[in-house]
Amino acid sequence: MKTQDLIGLLASDPLPTHKPVRQQLAQPLAWAAAVCGLLVVLVFGINPALSDMARHPAFITKMLWLASLMIFSALGLLRLARPGLNAGHTFWGLSLSMLAMTSLGLVQSLQATPGTRADLWLGASWQACSLSILGLSLPVLGALLWALRQLAPTRPALAGAAAGWMAASVAASLYSLHCTETTFTFFTAWYGGGMLLVSLLGAALGARCLRW
């Protein structure tokens, strides 16, 4: 085949174009977050005092904390979904965000009287919180791992861990519409513990599902 013939053949049958990485991740994330929100409404129910709680300083701080986790995990996903890129400062950002809430929790615990510290850490829903966040995260984690499989991550475990943090942050934010807890100690122990479980699950699944 002559060179000009080859050029003409390639021009008549161009390679398919792909959506930007941001869009390929955002669309399944949006659908899965909607499913997660529906589960919160149907399974857990919305806190009837949410309008008042939304003005509580602890609630506002928690939502800002969860927003920071979502931002850092999103930045990591956008990098790790591309071949050859590392996580950058993603996990440093996630670690600092967790450290900030942990510090608030420890300060709050130290300022409390010894007889009330256990109540600060356990709250009224410690048995359900972490497992609820884990369960609500599964649709989002599944959607993100599916989207990552359509891309080209070369660090599958790290990509899975970032997907886990994103899924857990979204789930925890939506779970907050139900949760009645207002202490930093509780957020540190049970929100943080639940999100860490999802991140570890994401890393384990990513190492298997995203391997080339």
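Good morning. Of the 212 residues in this protein, 42% count as buried. The model I am presenting is a predicted one. I shall begin with the overall arrangement, continue with the nonpolar core and the helix pairs, and end with individual residues.

The protein contains nine helices and zero strands. Read from the N terminus, the order of elements is therefore simple to state under the run-based assignment of helices and strands: α-α-α-α-α-α-α-α-α. Along the principal axes, the C-alpha atoms fill a box of roughly 85 × 35 × 30 Å. As for the contacts, if one takes those between residues at least 6 apart in sequence, 83% of them join residues at least 24 apart.

Let me turn to the interior. The largest nonpolar core has 49 residues. Which residues have the most contacts inside that core? They are Leu25, Trp65, Leu148, Tyr191 and Met195. Two or more residues are given to this core by each of helix H2 (21-44), H4, H5, helix H7 (126-149), helix H8 (156-175) and helix H9 (184-209). The largest share comes from H8, with 12 residues.

Tyrosine 191 merits a closer look, as it is among the core residues with the most contacts. Leaving aside residues up to four places away in sequence, tyrosine 191 touches Lys62, Trp65, Cys129, Ile133, Ala172, Tyr175, Ser176, Cys179 and Phe186. Trp65, in that list of neighbours, is likewise one of the core residues with the most contacts.

I now come to the helix pairs. Two packed helices are described by the angle between their axes and the distance between the axes. I shall take three pairs in turn.

The first pair is H4 with H5. Helix H4 covers residues 57-80 and helix H5 covers residues 90-111; the two pack at an angle of about 165 degrees, and their axes are 8 Å apart. Angles over 145 degrees count as roughly antiparallel, and H4 and H5 are therefore roughly antiparallel to each other. Their crossing is left-handed. On the H4 side, the residues in contact are Thr61, Lys62, Trp65, Ser68, Leu69, Phe72, Ser73, Leu75, Gly76 and Leu80. On the H5 side, they are Thr90, Phe91, Gly93, Leu94, Ser97, Met98, Met101 and Leu104. By class, the residues of this contact comprise 10 nonpolar, seven polar and one charged. Trp65 and Lys62, which belong to the H4 side of this contact, are also touched by tyrosine 191.

The second pair is H5 with H9. Here the packing angle is about 135 degrees and the axes are 7 Å apart. H5 is therefore oblique to H9. The crossing of H5 and H9 is left-handed. H5 contributes Met98, Met101, Thr102, Leu104, Gly105, Gln108 and Ser109, which meet Phe184, Thr185, Phe187, Thr188 and Gly192 in H9. The residues of this contact divide into five nonpolar, seven polar and no charged. Met98, Met101 and Leu104, listed here in H5, also appear in the contact of H4 with H5.

The third pair is H2 with H8. Their axes come within 10 Å and cross at roughly 35 degrees. H2 passes H8 in a right-handed crossing. Leu29, Ala33, Cys36, Gly37, Val40 and Phe44 in H2 meet Met166, Val170, Ala171, Leu174 and Tyr175 in H8. This contact has 10 nonpolar residues, one polar residue and no charged residues. Tyr175, on the H8 side, is another of the residues that tyrosine 191 touches.

I close with three individual positions. Where does serine 125 lie? Serine 125 is in the loop between helix H6 (117-122) and H7. With a relative accessibility of 17%, which is under the 20% limit, serine 125 counts as buried. Apart from residues up to four places away in sequence, serine 125 touches Glu181 and Phe186.

Is glutamine 111 buried or exposed? Glutamine 111, in helix H5, has a relative accessible area of 66% and is therefore exposed. Glutamine 111 and glutamine 150 are 39 residues apart in sequence, and their C-alpha atoms are 50 Å apart in space.

Finally, leucine 131 is found in helix H7. At 58% relative accessibility, leucine 131 counts as exposed. Leucine 131 and glutamine 150 are 19 residues apart along the chain, with 29 Å between their C-alpha atoms.

Thank you for your attention.

Methods
Residues are numbered from 1 along each chain as its sequence is written. This is a predicted model: local features need pLDDT of at least 70, side-chain atom pairs count only at pLDDT 80 or more; totals for chains, interfaces and linings use all residues. Side-chain values use heavy atoms; hydrogens and water are left out. Axes are lines fitted to C-alpha atoms, for helices over the stretch in contact, and angles run from 0 to 180 degrees between N-to-C directions. Helices (H or I, at least four residues) and strands (E, at least two) are DSSP runs, numbered from the N terminus. Angles under 35 degrees count as roughly parallel, over 145 as roughly antiparallel, 65 to 115 as roughly perpendicular and the rest as oblique. A crossing is left-handed if the near helix is turned anticlockwise from the far one by less than a right angle, and right-handed if clockwise. Contact means heavy atoms within 4.5 Å. Ala, Val, Leu, Ile, Met, Phe, Trp, Tyr, Cys and Pro count as nonpolar, Asp, Glu, Lys and Arg as charged, and the others, Gly among them, as polar. A nonpolar core is a set of buried Ala, Val, Leu, Ile, Met, Phe, Trp, Tyr and Cys residues joined through side-chain atoms within 4.5 Å. Buried means under 20% relative accessible area, exposed over 50%, partly exposed in between (1.4 Å probe, protein chains only).
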